[in-house]
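Hi,

Here is the structure I promised to pass on. Could you load it and keep it open while you read the notes underneath?

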Amino acid sequence: MFRLTSLVPIPAKPALVAIVWCGGFAMELASQTSPLAVPPLAPRQIYRKADTLRSAKAYASAVLLYTQAAPVGEFKRFISDTYYAAAYTYALAGDKDSAFKYLNVAFDAGWNNRQHLLTDSDLDSLHQDPRWRVAVSRNTDPKPAGTDPATAPFVTSDIRNFWNAYDMAEKDPANRLAIYKREYIDRGSVGLQDYFYFKVSSVKAFVDGHDRRPRFYAAIRKNTLSIDDRISQFRESLVKLKAIYPGATFPNTYFLIGSFSSGGTTSDHGLLLGIDQGVRTPDIPVDELTLWEQNNFTPIERIPRLIAHELVHFQQDSLRRERTLLCAALVEGMADFIGELISGATANPRIHQFARGKERQILMDFAKEMFDDRARNWIANSDQETADKPADLGYWVGYVISKGYYNRAADKNQAVWDMLHIKDYRAFLKASGVEELQGT
């Protein structure tokens with residue numbers, strides 16, 4: 001999604017989770033070793049090792065690690081998803097009793113997605129068991145997104161919870177990890193639970209990020225608390241999307257304080273905005289931020305653009321995704337382009353400014369990699385940010401392709417529909433008419 005700073009630790013079988021980029025480009029996995037030989041690891045590391053073992057069909061070893069990771073997980077969604085992983089791994093191994101046991105443990109921990117449960121082929125072996133109907137009856141689907149932009153909820157309770165925890169932690173710094181866990185994370189909305197699961201590795205990492213930027217976080221309080229006063233402005237983009245894409249749906253939008261790990265993403269519960277990355281005003285000190293963070297700490301006036309970008313992503317769930325840079329760039333670039341149509345400006349002005357006068361060279365460089373099974377040099381590459389060249393230029397290329405397609409279309413609303421339902425990325429590229437990317 002918007003402004004990723006690092007690869008996200010993606011679960012092996014997420015249920016309708018946020019699109020990071022097309023096809024879920026592979027994360028780094030720990031090497032396969034016997035569970036008995038594994039030294040103490042963080043919960044996510046244990047999960048990754050379990051994933052590796054499950055992929056290798058070492059089911060018995062995998063479930064030992066899943067059930068080891070879940071009880072020590074710090075975030076609610078991690079715990080429930082990890083127990084669910086244990087359940088479907090037991091099902092793959094043919095152990096129905098254990099599979100149902102851990103399905104119920106996952107449900108008790110908060111796992112709840114009937115549609116995913118019914119379509120998960122790894123659970124097919126359970127369908128003829130009488131216990132399956134009971135398991136399905138315990139699940140509902142996430143609250144469906146509405147179709148009326150005027151009633152779409154904007155949730156700001158997590159911001160207030162954060163500042164309550166912040167004040168408590170300032171008075172008792174020795175216990176600040178426990179305070180943030182209890183007063184902020186555990187009390188958080190379902191959107192916050194998803195954000196922390198996908199974007200924050202641990203409570204310690206979250207607090208360490210704030211400890212590295214104490215003056216910055218102290219200074220953003222007023223701006224974050226002003227979000228409630230801006231809701232009517234935020235809603236304008238939703239109304240405009242409905243006008244050009246009548247099939248649009250409008251989920252909850254959750255505003256929360258992260259640790260500069262993501263400005264925005266989506267999940268099956270809605271739009272998740274790490275608002276600490278988007279409330280810049282001249283009085284906020286930025287000297288504690290890295291170069292990339294300084295360049296991507298965006299003015300508060302641009303929040304509507306961020307919402308527009310993530311709202312477009314939420315409409316993309318039906319895209320057929322392939323494992324190419326071209327697909328990844330189009331998923332992000334069309335979110336920028338359609339987001340600009342509905343908000344009035346791009347969410348990424350800096351990369352557009354950089355590209356002026358360099359368009360042909362950027363496109364030719366992109367063409368060399370666009371059918372590769374990786375997006376590393378073009379998307380989520382904040383470690384390649386320099387004073388002379390920004391990261392995330394893949395967003396700009398995807399924007400250019402999307403704009404080319406839109407400009408050539410006679411029916412503009414149909415062009416928007418086409419973008420959100422791409423089936424053939426090479427055909428879409430050809431139809432865009434972007435000269436530098438043709439004939440490759």
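Below is what turned up, going from the overall make-up to single residues.

Before anything else, bear in mind that this is a predicted model.

**The overall picture**

The protein has 440 residues, and 56% of them count as buried. Its secondary structure comes to 21 helices and four strands. As for how the chain folds back on itself, take the contacts with a separation of 6 or more: 70% of these are between residues 24 or more positions apart.

**Two helices that cross**

Have a look at H13 (residues 231-244) and H16 (residues 325-343). Their axes come within 8 Å, with a crossing angle of roughly 110°. Angles of 65 to 115 degrees are classed as roughly perpendicular, so that is the label for H13 and H16. On the H13 side, the residues that meet the partner helix are Ser237, Lys240, Leu241 and Ile244. H16 brings Ile338, Leu341, Ile342 and Ser343 to the contact. Sorted by character, the residues of this contact are five nonpolar, two polar and one charged.

**Aromatic rings**

How many aromatic pairs does a search of the whole structure find? The count is 32. One to pull up is Tyr180 with Phe206: the ring centres are 5.6 Å apart and the planes stand at 80°, which makes the pair edge-to-face. An angle over 60 degrees is what earns that name. The pair ties together distant parts of the chain, since Tyr180 is in helix H8 (residues 176-185) and Phe206 is in helix H10 (residues 203-211), 26 residues apart. Are these two residues buried or exposed? Tyr180 is buried, because its relative accessibility is 5%, and the cut-off for buried is under 20%. Phe206 is buried too, at 0%.

Another pair is Tyr197 with Phe198, where the centres are 5.0 Å apart and the planes make an angle of 35°, a tilted arrangement. Both Tyr197 and Phe198 are buried.

Tyr180 and Phe206 also turn up in a cluster linked by ring pairs. Its other members are Phe75, Phe162, Trp163, Tyr166, Tyr184, Tyr195 and Phe196. If you select these residues together, you can follow the ring pairs from one to the next.

**Charges over rings**

Two spots have a charged side chain sitting over an aromatic face. Lys358 lies over Phe354, at 4.3 Å from the ring centre. The charged end of Arg426 is placed over the ring of Phe371, 3.7 Å from the centre of that ring.

**A buried serine**

Ser402 is part of helix H19 (residues 393-408). With a relative accessible area of 0%, Ser402 is buried. What does Ser402 contact, apart from neighbours within four places in sequence? The list is Leu330, Gly333, Met334, Phe337, Met419 and Phe428.

**Two residues with positive phi**

Lys57 and Ala380 both have a positive phi without being glycine, near 65° for Lys57 and near 55° for Ala380. Each is in a loop: Lys57 in the one between helix H1 (43-55) and helix H2 (59-69), Ala380 in the one between helix H18 (359-367) and H19. Their surroundings contrast, though. Lys57 is exposed, with a relative accessible area of 64%, whereas Ala380 counts as buried at 8%.

**Two pairs of C-alpha atoms**

Finally, two distances across the sequence. His116 sits in helix H5 (residues 114-119) and is buried, given its relative accessibility of 12%. From its C-alpha atom to that of Asp141 is 8.5 Å, although 25 residues separate the two along the chain.

Ala60 belongs to helix H2, the helix that follows the loop holding Lys57. Ala60 is exposed, since its relative accessible area is 57% and the exposed class starts at over 50%. The C-alpha atoms of Ala60 and Ala86 are 9.9 Å apart, with these positions 26 residues apart along the chain.

That's the lot from my side.

Cheers

Technical notes: Residues numbered from 1 in each chain as written. Heavy atoms only, no water. Axes fitted to C-alpha atoms, helices over the stretch in contact; angles between N-to-C directions. Parallel < 35°, antiparallel > 145°, perpendicular 65-115°, else oblique. Contact = heavy atoms within 4.5 Å. Nonpolar A, V, L, I, M, F, W, Y, C, P; charged D, E, K, R; others polar. Phe/Tyr/Trp six-rings, centres within 6.5 Å; stacked < 30°, edge-to-face > 60°. Buried < 20%, exposed > 50% of the residue type's maximum accessible area, 1.4 Å probe, protein only. Lys NZ or Arg CZ within 6 Å of the ring centre and 35° of its normal.
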